[in-house]
Amino acid sequence: MDVLTGEPLALDLVNTRARTSSGAEYDALARADDCNAWLSAQSGRLTVPEAPLAAADLPAIRQLRGHVEVALAAVRAADPPPIKAVVAINEAMRAAPPYACLEAAGTVLKRGQKRDGTPLTRLLAELAEAATALLTDPDVGKVRGCEAPHCRMLFLPAHPRRRWCSPDLCGNRVRVARYHQRHKTT
């Protein structure tokens, strides 16, 4: 199953836990292959580890996702986020802080950014930074849940009338269901 991507990175992380159209639960972080596929889909905005992640790495990513979920739910409800979630997100960022570096490409010098740590700690730090950016964004209150039945995806609408995570998937399903409801024989 494909998960929704293209939202702010922290929402894409939360959206790795989804429901299929039949209502069954799906977790893109349950298996290493699915997680690595999700990371590959995020490669334009996330430093993907050189080697694929192993199954042993997944609990840490799922745990960070859980902290981001509860912090986001609290912020969306205008409640203070649980201190445990705030501490966990801060610890993930602190485990692999970024530092500036000088990069040379022939005679051209440019400023770069690197991180120390294992591939997993670097990944968790980037995801935690994305969560911090979302949670402190003034638009975080605009994050909405998809209105389609059985869908649990979150999105940040570019248009205030947006109702579904994806107009092509959930939006189309809802429109087809409404059509069949109006035209079914009784």
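**Exercise 1. Describe how helix H3 passes helix H4, and how their axes are oriented.**

*Solution.* Start with handedness. H3 passes H4 in a left-handed crossing. This is a predicted model.

Next, take the geometry. Two packed helices are described by the angle between their axes and the distance between the axes. H3 covers residues 58-76, and H4 covers residues 83-95. Their axes come within 9 Å and cross at roughly 135°.

Now classify the angle. Angles over 145 degrees count as roughly antiparallel, and 65 to 115 as roughly perpendicular. The crossing is at roughly 135°. H3 and H4 are therefore oblique to each other.

**Exercise 2. State which residues of H3 and H4 meet, and sort them by class.**

*Solution.* List the H3 side: Leu64, His67, Val68, Val70 and Ala71. They meet Lys84, Ala85, Ala88, Ile89 and Ala92 in H4. Then sort by class. The contact has eight nonpolar residues, one polar and one charged.

**Exercise 3. Check the length of helix H5 against its expected span, then find what its buried residues pack against.**

*Solution.* H5 runs over residues 119-135, which is 17 residues. The expected span is 1.5 Å times one less than the number of residues. That rule gives 24 Å for H5, and its end C-alpha atoms are 24 Å apart, so the two agree.

Turn to burial. The buried residues of H5 include Leu120, Leu123, Leu124, Leu127, Leu134 and Leu135. Glu126 is also buried. The buried residues of H5 pack against four elements named as helices, H1, H2, H3 and H4, and against strand S4.

**Exercise 4. Decide whether threonine 16 and leucine 154 are buried or exposed, and place each one.**

*Solution.* Buried means under 20% relative accessible area.

Take threonine 16. Its relative accessible area is 0%, so threonine 16 is buried. It sits in the loop between H1 and strand S1. Beyond residues up to four places away in sequence, threonine 16 touches Val3, Tyr26, Asp27, Ala28, Leu29, Trp38 and Arg65. Its C-alpha atom is 9.4 Å from that of arginine 62, which lies 46 residues away along the chain.

Take leucine 154. Its relative accessibility is 12%, so leucine 154 counts as buried. It belongs to strand S6. Valine 143 is 11 residues away along the chain, and the two C-alpha atoms are separated by 6.6 Å.

**Exercise 5. Summarise the whole protein: its elements and its share of buried residues.**

*Solution.* Count the elements: six helices and six strands. Read their order from the N terminus: α-β-β-α-α-α-β-β-α-β-β-α. Finish with burial: buried residues make up 39% of the 186 residues.

Notes. Residues numbered from 1 in each chain as written. Predicted model: local features only at pLDDT ≥ 70, side-chain atom pairs only at ≥ 80, totals over all residues. Heavy atoms only, no water. Axes fitted to C-alpha atoms, helices over the stretch in contact; angles between N-to-C directions. Helix = DSSP H or I, 4+ residues; strand = E, 2+ residues; numbered from the N terminus. Parallel < 35°, antiparallel > 145°, perpendicular 65-115°, else oblique. Left-handed = near helix turned anticlockwise from the far one by under 90°. Contact = heavy atoms within 4.5 Å. Nonpolar A, V, L, I, M, F, W, Y, C, P; charged D, E, K, R; others polar. Buried < 20%, exposed > 50% of the residue type's maximum accessible area, 1.4 Å probe, protein only.
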